[in-house]
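Biologist: I should like a close look at a single part of this protein. Please treat it in one connected account.

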Amino acid sequence: MTTDADQLCPSCEVAPGNLHGERCDVALCAVTGRQRSGCGHGGRGCNTVWTGQYPGFAEVVEYGLYARLGPGRGWQKCAADGYGRWT
Ligand SMILES: [Zn+2]
Ligand SMILES: [Zn+2]
């Protein structure tokens, strides 16, 4: 099995199938389903696995609801060609 470098988590750089890093801001809290960064659990018991795609990415495509991650802003809706990282 090979790991494509661009499948690494863009925040904590773990390979797919591994738990996100403690300060990863892509990871979702397993308890709240929201961004794990600042979820209030102190990073305990709610880490999630990086799947190789942004959390919810498949659903985003399915429903045509594209979003991008802005620094300090969380996810925001955007045009279909502007999803992913804030640029
Ligand atoms: Zn991560
Ligand atoms: Zn949490």
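Where does Gly21 lie with respect to helix 1? Please describe that part in detail.

Modeller: Gly21 lies in the segment before helix 1, a helix that spans residues 57-63. The model is a predicted one, so the confidence values deserve a word before the details. The mean pLDDT of the protein is 73, and 55% of its residues reach 70 or more. Confidence is lowest in strand 3 (residues 84-85), at a mean of 54, and highest in strand 2 (residues 74-77), at 66. The secondary structure amounts to 1 helix and 3 strands, arranged along the sequence in the pattern α-β-β-β.

To begin with Gly21 itself: this residue counts as partly exposed because 17 C-beta neighbours fall inside 10 Å. Leaving aside residues up to four places away in sequence, Gly21 touches Cys12 and Val14. Its C-alpha atom is also 9.4 Å from that of Thr48, a residue 27 positions away in sequence.

Between the two contacts of Gly21 in the numbering comes Glu13, which likewise belongs to the segment before helix 1. Phi of Glu13 is near 65°, a positive value in a residue that is not glycine. Most residues other than glycine have a negative phi. Glu13 is partly exposed, since 13 C-beta neighbours lie inside 10 Å.

Trp50 is also placed in the segment before helix 1. Here the environment is buried, because Trp50 has 25 C-beta neighbours inside 10 Å and the threshold for burial is 20 or more. Beyond residues up to four places away in sequence, Trp50 touches Cys9, Val14, Pro16, Asn18 and His20. Val14 is thus a contact of Trp50 and a contact of Gly21. The C-alpha atoms of Trp50 and Gly17 are 5.7 Å apart, although 33 residues separate them in sequence.

The contact between Trp50 and Cys9 leads to the nonpolar core. The largest such core has 7 residues in all: Cys9, Cys24, Val26, Ala27, Leu28, Trp50 and Tyr54. In soluble globular proteins, nonpolar side chains tend to be buried together. Within this set, Cys9 touches Cys24, Val26 and Trp50, and its contacts also include Val14 and His20, with residues up to four places away in sequence not counted. Across the protein, buried residues make up 10% of the 87 residues.

Asn47, another residue of the segment before helix 1, is partly exposed because it has 17 C-beta neighbours inside 10 Å. Asn47 touches Leu19, His20, Ala27 and Ala30, again not counting residues up to four places away in sequence. Ala27 is a member of the largest nonpolar core, and His20 is a contact of Trp50 and of Cys9. Asn47 and Leu19 are 28 residues apart along the chain, with their C-alpha atoms separated by 6.6 Å.

Finally, Gly42 has its place in the segment before helix 1. Gly42 is exposed, because 7 other C-beta atoms lie within 10 Å and the limit for an exposed residue is 12 or fewer. The C-alpha atoms of Gly42 and Glu22 are separated by 9.5 Å, with their positions 20 residues apart along the chain. For the protein as a whole, residues 24 or more positions apart account for 21% of the contacts with a separation of 6 or more.

Definitions and conventions:
Residues are numbered from 1 along each chain as its sequence is written. Chains are lettered from A and ligands numbered from 1 in the order in which they are written. This is a predicted model: local features need pLDDT of at least 70, side-chain atom pairs count only at pLDDT 80 or more; totals for chains, interfaces and linings use all residues. A nonpolar core is a set of buried Ala, Val, Leu, Ile, Met, Phe, Trp, Tyr and Cys residues joined through C-beta atoms within 7 Å. Two residues are in contact if their C-beta atoms, placed from the backbone, lie within 7 Å. Helices (H or I, at least four residues) and strands (E, at least two) are DSSP runs, numbered from the N terminus. pLDDT is the predictor's confidence in each residue, from 0 to 100.
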